[in-house]
Amino acid sequence: MQPPVFSVQADPGDAASWILLARRLETDGYDALLTADHPGTAASPFVALAAAAAVTERIGLGSYVSQAGVREPLLLASDVATLDLVSDGRARVALGAGHTPAEWEMTGTERPDVAGRVRRFQKVAEACCALLAGETVTLEGPEVRARQARLTFPRPVQSRVPFTFGGGNSVLLDWAGAHADIVGLSGLGRTLPDGHTHEVRWSAADIDGQVELIEQGASGRAGAPAREALVQVVKITDDAEHAARDLARRLGCDAAEVLASPYAWIGTPDEIRAAMADHERRWGITRYVVREAHLDAVALVRAGFDGSDSLKDRGGAS
């Protein structure tokens, strides 16, 4: 097993701590600094990431994920291209279909049904990627419109800006298999009545089904997109069973599902790394996005991937 790729999702609280974080993540060898994109309740991702670009040289930068339901493709592509320019080719573009009703309400639009969100996502994602690739885009459908849209300036530095799909819709997982560079799995299911929280889909059977859809969509490609998991819980403990039972009660699932899930790291660093080897064998997950609040614990897990403390040395490699 090769060491997984680790990125961090974070939001700026103030200028000084944001700059320190960006520098720390680059020094510590993280792949990317990612920011949420929830208009009205989170910082503007591309402004925040441009500030991080000014004090770093290597780390990737991107939203995680932008909400296709309220983002217009030309404006989004312009933001991504500008970030790529000021970062000298380190931008990422990531999109999801959206789920929070308040974001549609605050922008003066009506939240579509699931099928409508799926259709709009596909059109926005394909148009955004086409614009970043230098194409001219016209869209006449009811979900989104554009007329001879083109990015004449700025153009991205990268010949292809890496594209991530984030979400769990079955139609879009199949689509992502055919179009995305990375598929970000979060274990989040149906949006609950509060408009913000979700049912969890952490069972192995759920993930098996999602990976099958990705592979199905990728059948016409040379290779399937990389798989990435959003880690929502990290707890270093010698009593993984107890911690998992406590979390399972809150989530409405069982402890075995929690311990087997890529969305929660619970146990000793050795136990977590062994679980990650299982995630790669079963689901092809080779990338993880962790939250800033968990960085100290994540450092203990990452430390075991260098040198003598590797999974292979412990007999845990595939």
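**Exercise 1.** Which helices each supply at least two residues of the lining of the second largest pocket?

*Solution.* In this predicted model, the helices to find are α5 (114-132) and α6 (170-179), each of which supplies at least two residues of that lining. The next step is to look at the share of α5, which gives 5 residues, the largest share of the lining. The whole lining consists of 15 residues, and those nearest the pocket's centre are C129, A130, A133, R160 and V161. Sorted by class, the lining holds 9 nonpolar, 3 polar and 3 charged residues, and the space in the second largest pocket comes to about 240 Å³.

**Exercise 2.** Decide whether E228 is buried or exposed, and describe its surroundings.

*Solution.* Begin by placing E228 in strand β12, which covers residues 226-230. The relative accessibility of E228 is 3%, and because buried means under 20%, E228 counts as buried. Then turn to the side chain of E228, which makes a polar contact of 2.8 Å with the side chain of Y64. Finally, with neighbours within four places in sequence left aside, the residues in contact with E228 include Y64, T164, R287 and Y288.

**Exercise 3.** Work out which strands pair with β1, and in which sense.

*Solution.* Strand β1 spans residues 5-9, and 4 of its 5 residues are buried. One partner is strand β15 (residues 285-291), joined to β1 in the parallel sense over 5 bridges, with F6 opposite Y288 in β15. Another partner is strand β2 (residues 32-35), where the pairing is parallel over 2 bridges and V8 stands opposite L33.

Conventions. Residues numbered from 1 in each chain as written. Predicted model: local features only at pLDDT ≥ 70, side-chain atom pairs only at ≥ 80, totals over all residues. Heavy atoms only, no water. Helix = DSSP H or I, 4+ residues; strand = E, 2+ residues; numbered from the N terminus. Buried < 20%, exposed > 50% of the residue type's maximum accessible area, 1.4 Å probe, protein only. Polar contact = N/O pair within 3.5 Å; in protein donor to acceptor, adjacent residues only side chain to side chain. Contact = heavy atoms within 4.5 Å. 1 Å grid on protein atoms, 1.4 Å probe; cavity = no way out; pocket = protein on both sides within 12 Å on 5 of 7 lines; lining within 4 Å. Points joined across faces, edges and corners; volume = space filled by probe spheres on them. Nonpolar A, V, L, I, M, F, W, Y, C, P; charged D, E, K, R; others polar. Pairing = 2+ DSSP bridges.
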